[in-house]
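Please open the model in a viewer and keep the selection panel at hand. The tour proceeds from one selection to the next and says at each stop what is to be found there.

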Amino acid sequence: MVIYRVVVHQEHLFLSTEAHQTTIQLVGSKGASERVPLAERSICRVLWDTCCVCKTAEESAEYTIHCPTSLGDLLLVRLEAPPTTGSAWFCSKVAVTTPEGGVSLFPCYQLVSCSTPLALRDSIAKFIFDDIRPVELDQRINELTYRRQTYRWSCFDDGLPETMKVHDAMSLPVEVRFSVSKATHMILTVSKALVELDLQSFLCFQQNWSNFHQIHQLCQQTRTPTCRLVERLWREDWFFGHQFLNGANPTLIRRCTEIPPNLAVTEGMMGAFLEGGGSLSQEMERGNIFVVDYQLLDGLTANTVNGKQNYLTAPLVLLHLNCNSKFLPIAIQLKQSPGESNPVFVPQDLEADWLTAKTFVRSADFADHELRSHFMHTHVMSELFAMATLRNFPMVHPLYKLLAPHFRFTLEIDALARQLLISDGGLLKEYTAVGGDTALEFLGRVSASLTYRDLCLPDDITGRGMDAIPGYYYRDDGLRLWDIIHRYIVGVVNHYYHSDDDVIRDSELQSWIHEIIVFGRLGDENKGFPKTFTSISQLTYFVTMVIFNASAQHAAVNNAQLDYFGWMPNAPVGLQRPPPACRGCCTERSLLDSFPDVNATVHSLATIYLLSKKPADFVPLGGSYEQHFTETVPVEMAARFRSDLKRLSCDIRARNVNLTLPYIYLDPPTVEDSVTR
């Protein structure tokens, strides 16, 4: 008689109950054990996993399984709940100590219920083309068959990447649902955000603002230290330019090598605003002229809020990098087509005219940020990658192990976003200029224009001509993070793929990229996405892009929202007066009348506060508690990855000490491992 010692780890996720009626069976190369019930009395202690500051509650139950002889090499651990039980529980992993003294880990991180009996394989990564036993191959096929039945594609709107077919967030499989702590946090935050901010008494106010002091009084509950600076600086030209580099939407500005033909700017108009006496063409040759173009917003019909028509413009902004390394706006045209009723505003215009023009730009930037750089580029694309991963990689595939932590809770937060923000009755529909059908039309344009380069930071920076611009901290920190992630990916991938031929003949990998291209609607040659993988270097670059956008890029565009949007005049969610058609017609009163009503401001502030608030079970980049890898090389690579992140954090914090406006959004401890908010 030989004894196997088994430890079953149960994680308390949302709607997960207990494991009392489940049976466990070990399957080896020489036979299988009897099925042993996971009795209630076997649960012996409660552990709290605090390695990631996420405080995940986990119970650990120990068992002994007696067998007449050794089972040989352990192949599977089977977990099965009887059909008579309605209970379900979330198993994180099973550890088995063999009679020979070896320890095998079987990752699970799935729900166990009567409808989903599980067969777990050990944590050693395996490819489909490896020499695997028939029982393992059968399990691989069964696992992917179940996943493809569970995680189905659905068309949310024509022209957009497909999403998971699910009625609402509550219908998602529990293994991709929020944990107890996050679910509780979300429910309490949604219900109490207005109370926490002391804004509930303003919900019924649909009138205009009386003065800026009234806005100050309302917004003071949401103000962070940076937001207080924003309130003080938002009228300043240099701060207006600063936000294109290091604000919440730092991905639009590009070097200008020739004036856009639809921007009605002449050499004579600009001479007075260029320091050093150079002409506009000379400054362009020196690389000191930059443009921000919101052309994707052109022609959209703005939403109606509180029965009042809102207005949305598609501005063109020209900026000059002066000798003090400040980006100063020198021309603003609020519509794409030049004409008498579409003047080019310049700094020498009346203060109210110039401030109004900048405010229309900031409102357009809010719309572009929320739907393009935030929702489409990080949320929607991460869901696309997550779905393809779940449908095409079994848990033993090394890329599943590498990618899975970076999709934690993404499917649920995206289902909630579509349900509570994008759809009818959601915040965008009810309170912003870019809501309703306008949002879907804009997202369609963003999807159609999306390229591979847009998602690969090094290529995006180079493509926009922003490689050597001083004070571009989003670029500096982002490129270092990209390199750290890429170095980690290269180390892990090279451990498993020994040649380019291994990449080519991995049918599961090729199926993964095929689904991404097809269901992401990324097949147009001009988009530049790879349709197959033919080399290790091509694969590592793509996987780096996936992880970077799910973690670092999302942090850059999400975590800055409260700082830069918390002072409403700096980022109005809509404007209620049309853009000025001539100079000299703007006043402070007309600007106040343009701002969104009090109740629209209240709802937007509460939402921004919610999206910016650190989750109760926050997991930083590289800090996942899920133990998918156990081999020496990937474990060592993960340790080096965390060490590199710590060094970067020290460098960022040392630099920020001397900055008036510290750039904190890509400091690794503040970067979440996945898109969860």
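Strands, as the term is used on this tour, are DSSP runs of E with at least two residues, numbered from the N terminus. By that assignment, Tyr-109 belongs to strand β9, a stop to which the tour will come shortly. The model shown is a predicted one.

**The whole chain**

Begin with the protein chain in full, coloured by secondary structure. It contains 22 helices and 19 strands. Its radius of gyration is 27 Å, close to the 26 Å that the globule rule gives for 677 residues, so the chain is as compact as a globular protein of that length. Aligned with the principal axes, the C-alpha atoms fill a box of roughly 95 × 55 × 45 Å.

Switch next to a surface representation. The chain exposes about 25800 Å², and 52% of this area is supplied by carbon and sulfur atoms. Of the 677 residues, 60% count as buried. When contacts between residues at least 6 apart in sequence are considered, 75% of them join residues at least 24 apart. Colouring by charge shows 59 positive and 76 negative charges, whose mean positions are 3 Å apart.

**Strands β1, β8 and β9**

Select residues 2-11, 89-97 and 103-112. The range 2-11 is strand β1, which runs antiparallel to β8 and is joined to β8 by seven bridges. Within this pairing, Glu-11 has Phe-90 in β8 as its bridge partner.

Keep Phe-90 highlighted and look towards the other strand: Phe-90 stands opposite Leu-111 in β9. Strands β8 (residues 89-97) and β9 pair in the antiparallel sense over eight bridges. Another facing pair to label is Thr-97 with Val-103 of β9. Five residues separate the two strands of this hairpin, and Gly-101 in the turn has a positive phi of about 95°.

Are these two strands mostly covered, or mostly open? Both are mostly covered: eight of the nine residues of β8 are buried, as are eight of the ten residues of β9.

**Tyr-109**

Now centre the view on Tyr-109, in strand β9. What is the sign of its phi angle? Phi is positive, at about 50°, although Tyr-109 is not a glycine. For context, most residues other than glycine have a negative phi. Tyr-109 has a relative accessibility of 8%; the limit for a buried residue is under 20%, so Tyr-109 counts as buried.

**Strands β17, β18 and β19**

Move on to residues 316-333, which take in β17 (316-321), β18 (327-333) and the loop between them. β17 and β18 pair in the antiparallel sense over six bridges, and the bridge partner of Leu-321 in β18 is Phe-327. Five residues lie between the strands of this hairpin, among them Ser-325, which takes a positive phi near 60°. Ser-325 is thus a residue other than glycine with a positive phi. Ser-325 is partly exposed, with a relative accessible area of 40%.

Extend the selection to residues 344-345, which form strand β19. β18 and β19 pair in the antiparallel sense over two bridges, and the partner of Ile-332 in β19 is Phe-345. As for β18 itself, six of its seven residues are buried.

**Met-466 and its surroundings**

Select Met-466, in the loop between α14 (457-463) and α15 (473-496). Is Met-466 buried or exposed? Met-466 is buried, with a relative accessible area of 0%.

Which residues should be displayed around Met-466? Leaving aside neighbours within four places in sequence, Met-466 is in contact with Leu-245, Ile-253, Arg-254, Arg-255, Phe-290, Ile-461, Tyr-472 and Arg-475. Draw a distance from Met-466 to Arg-254: the C-alpha atoms are 6.5 Å apart in space, while the two residues are 212 apart in sequence.

**Asp-138 and Leu-450**

For the last stop, select Asp-138 in helix α1 (residues 134-150). Asp-138 is partly exposed, with a relative accessible area of 45%. Add Leu-450 to the selection and draw the C-alpha distance. These residues lie 312 apart along the chain, and their C-alpha atoms are separated by 39 Å.

Key:
Residues are numbered from 1 along each chain as its sequence is written. This is a predicted model: local features need pLDDT of at least 70, side-chain atom pairs count only at pLDDT 80 or more; totals for chains, interfaces and linings use all residues. Side-chain values use heavy atoms; hydrogens and water are left out. Helices (H or I, at least four residues) and strands (E, at least two) are DSSP runs, numbered from the N terminus. The radius of gyration is taken over C-alpha atoms; the globule rule is 2.2 Å times the number of residues to the power 0.38. Buried means under 20% relative accessible area, exposed over 50%, partly exposed in between (1.4 Å probe, protein chains only). Contact means heavy atoms within 4.5 Å. Accessible areas come from the Shrake-Rupley method with a 1.4 Å probe; for residues, only the protein chains shown count as cover. Lys and Arg count as positive and Asp and Glu as negative; His and the chain ends are not counted. The place of a charge is taken as NZ of Lys, CZ of Arg, CG of Asp or CD of Glu. Two strands pair if DSSP finds at least two bridges between them.
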